[in-house]
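Biologist: Could you take me through one part of this fold up close, and then follow its surroundings for as long as the story holds together? I would love one connected account rather than a list.

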Amino acid sequence: MNATNTVSRRTFLKGSAAVAGAALVAGSYEIAHPEGAIAEDAPLEVKYTYCDMCNHVPKCGIAATVKDGKVVRVEARDKYPASPICAKGISSLQELYDPHRITYPMVRTNPKGTGAPEWEPISWDDAYARIASEFNRIKDAYGPEKVLFYCGDPKEPRGAMQRLATLFGSPTYGSESSTCAAATWMCSQLVTGQLSMGTDPSDATASCLVWSLNPAWSQPYRFGDMMKQKERGCKFVVVDPRITPTVTGMADVHLQLRPGTDGALALGFIHVMVRDGLYDKEFVEQWTHGFDELSAYVQEFTPERVEEITWVPAAKLEEAVHLICENLPATLVSSSAGACHATNVGNFQRAVFSIISMTGSLDVAGGLSMGPGLPFDYSASTAPFRLESLYDERGLQDIRYDKDDFPVWAHYFKMIQTAHLPELVADGKIRAGVLLGVNSMMWPQTPEYQKAIQDMEFTVAIDYYMRPWTHDLVDMLLPAAMCYERMAPFAIFGRKIFLREPVVEPAGQCREDWRILLEIGCALGFEEECYGGDVEAALEDMLAKTDLGITMADLRAHPEGYEVPGGSKDERKYETGGLRKDKEPGFSTPTGKIELVSEVLKQYGFEGLPVYEEPVYSPVSTPDLAKDYSLVLNSGSRVPYYTHSKLRDLPWLNQFMPEPVVRLHPDDASARGIADGDQVRVFNQFGEVTMKAEITNLVLPGVIDVFHGWHQADINLLTSRDFDPITGFPPFRSGLCEVERTGKGRMVV
């Protein structure tokens, strides 16, 4: 059904504030359905769901008004932790009723690599039978580890996907976190023993270090809460190479650095802390490991030296350090990607977590929170549900492919690092796969990954839309239900759990991701372990495995959210054994202390210190190359109306940025004869793309800022496959390039 909107451009612009910082929305938005599609006398009913238009993590609350089985209006859910909704949440209505959605299973009828694909419908039963036949054939001939189980966007079905992979006997389960949040998770564990991305400031927080995050655009619900703390008096230091709305709205000090030099800036921060005695001496002496070694190493990172490397004025660095360390407790807010897309991330993020640790602001009110919460992971599943004990019993760790290339990654995660997917396919180590929400443009040097997907013997994709740059390369395409049409998983905020129930029936033959994965498991012979394909039964079992004594009936009885009793309010649990499984005092690290020098890294042959290294390609490391490509390429930043490559076809959002854009500083544009709106060529030794120039002083001179995810202008073609050896992360934000004018006027997209 092709529904149209009743919201004018002016009304949408005003209501969504999509071109401003927060992009938060009050009020309701309606969508008009074709005449006769809805019975006029049908009653209105309000139902509740949560949005998945960002990255399936905020789960912002939506109140959907339903009439005759169709959503006619959306608004923010009242008394819900993540609210109100943003411009993307409003536009979820257009996505739900987008006529271009895939609504039935399809199978390719001509061989891959022989031209444009030819598709024909296939029944779900026949699709599952074909998948089971192909996967079991490869398992019998080569081993189960030859089949890849991969979750891109959404994150929601990760628990179900990992369960399916483990039942099948394959450790070759992966997710888009291999280019996203996992670098930050890993570094926090290396330092503190606990997975963290930081802790938002609370009423007890005196200062906050925001490192490479722009929640004003990427997480507007979160930005609003931070601004309240700013108004209360919390001080903010924001590290970002751009002047973002987060910078202009919150920063008391803005450290505007050259992309890729975060490690030097963090070490300079520690240098000033040590030099001026701005650290918690008692905590550092008793609860940290490697302080003397780190103190000696940071001596070379004076503010003056750091200024040479990072372009951040020495005085600014001094001011930032004193602001944080003289306003305690302090907390850290880091990004899921941001500066992590660099070849030094495995060290720089450790230095960032060391900064806050050295202030002693750990596990205290207003500081970096620690300790066990509810037993759910990032995607709202549990370790027992994911069958981690079976993973260990079967020795799957021993046969995973990434343990030699990225041993530290393999040490922490039961998911493979997929950086070397092209090599794994070329070597016959991966022969088939199920790819849920996967975009071939998410990796550097896109064509190499496209070839890998095409060269697999059998590949099935699960998605909302058919995207040629990925789906032309697969054998089968299955239609996924959207957030209004599915149940799993839960939304969890602190100790409160929200159950989501379908608001409307799925379009056409679409099925929710969890159901598809469980039904594939049944077809593979795991009927009992996959609950006969019953999503509710899977969720009921997951709750049982938490040992919290909660049932689905309990969640249904509390539509306002079920508050799990208990939870420790104690501070400094590291003193009493509250952070370790063995209940001994200390942190969950090999030494039991905050590891400023990592023993895990030393175990795998790496330097234990958070050493700084220049990006592989930079004005410093490759000065000769910089003569031809004199601009630093910073790609991957967010805008308020798109998430990665998603949502660019939705009219309500596309109006704000209808074509690919590159941002240049006025000095750089003038030197190249480029005017605002000109078509330009962005290029380097790896490739080139054509985009529209936007001239702005929001970026540093000598740096360009490129939004990623445009299939018309895939900026990842310009990124090298030089991966951080610790995390396996690619250098999306620290390459070199050049820009030249090619014409004037609007691009044809």
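Let me start with a single pairing: in strand 12, which residue is the bridge partner of V239?

Modeller: Happy to, and please keep in mind throughout that this is a predicted model. The partner you are after is L255, which sits opposite V239 in strand 12. That pair belongs to a parallel pairing: strand 11, residues 235-239, is joined to strand 12 by 3 bridges.

Stepping back from the pair, you find an open sheet of 4 strands, paired in parallel and ordered 12-11-10-14. Strand 12 (253-255) is at one edge and strand 14 (330-334) is at the other, each pairing on one side only. From one strand to the next, the sheet twists by 15° on average. Your strand pair also has a helix over it. Helix 9, residues 262-275, lies across strand 10 (207-211) as well as strand 11 and strand 12, and the helix runs at about 160° to strand 10.

Let's set a second sheet beside that picture. It is an open sheet of 7 strands in the order 7-6-17-16-15-8-9, and here the pairing is mixed. Its edges are strand 7 (119-121) and strand 9 (173-175); each has a single partner strand, so one side of each is left without a neighbour in the sheet. The average twist in this sheet is 20° from strand to strand.

Within this sheet, strand 8 is a good place to zoom in. Strand 8 runs parallel to strand 15 (residues 432-436), and 5 bridges join the two. One residue pair to click on is Y150 with its bridge partner in strand 15, L435. Helix 4 packs on the sheet here, touching strand 8, strand 9 and strand 15, with its direction at about 170° to that of strand 8. Another helix, helix 3 (residues 124-142), lies across strand 6 (106-108), strand 8, strand 15, strand 16 (458-463) and strand 17 (476-479), and its direction makes about 135° with strand 17.

Helix 4 deserves a moment of its own. It spans residues 158-168, and 11 of its 11 residues are buried. Among them are the nonpolar M161, L164, L167 and F168, but the buried set also includes the charged R158 and R163. Just after the helix comes G169, with a positive phi near 95°.

Now look at V147, which belongs to strand 8 (residues 147-151). V147 is buried: its relative accessible area is 0%, and so it falls under the 20% cut-off for that label. What surrounds it? Beyond its neighbours within four places in sequence, V147 is in contact with F135, I138, F168, S170, T172, A432 and G433. In that list F168 is one of the buried residues of helix 4, while F135 and I138 lie within the residue range of helix 3. The chain also returns from far away in sequence: V147 and I430 are 283 residues apart along the chain, yet their C-alpha atoms are separated by 5.8 Å.

From the sheets, let's move to a helix pair. Helix 5 (residues 182-192) and helix 14 (residues 345-358) have axes that come within 8 Å of each other and cross at roughly 55°. That angle makes helix 5 oblique to helix 14. The crossing of the two is right-handed. On the helix 5 side the contact is made by A183, T184, C187, S188, L190, V191 and T192, and on the helix 14 side by V345, G346, Q349, R350, F353, S354 and S357. Sorted by character, these residues divide into 6 nonpolar, 7 polar and 1 charged.

Two loop residues round off the tour. C86 is in the loop between strand 5 (70-76) and helix 2 (87-96), and at 8% relative accessibility it counts as buried. N716 is in the loop between strand 26 (703-706) and strand 27 (735-743), and N716 also counts as buried, at 5% relative accessibility. Apart from neighbours within four places in sequence, N716 is in contact with M441, M442, W443, P444, Q445, T446 and F732.

Key
Residues numbered from 1 in each chain as written. Predicted model: local features only at pLDDT ≥ 70, side-chain atom pairs only at ≥ 80, totals over all residues. Heavy atoms only, no water. Axes fitted to C-alpha atoms, helices over the stretch in contact; angles between N-to-C directions. Parallel < 35°, antiparallel > 145°, perpendicular 65-115°, else oblique. Left-handed = near helix turned anticlockwise from the far one by under 90°. Contact = heavy atoms within 4.5 Å. Pairing = 2+ DSSP bridges. Buried < 20%, exposed > 50% of the residue type's maximum accessible area, 1.4 Å probe, protein only.
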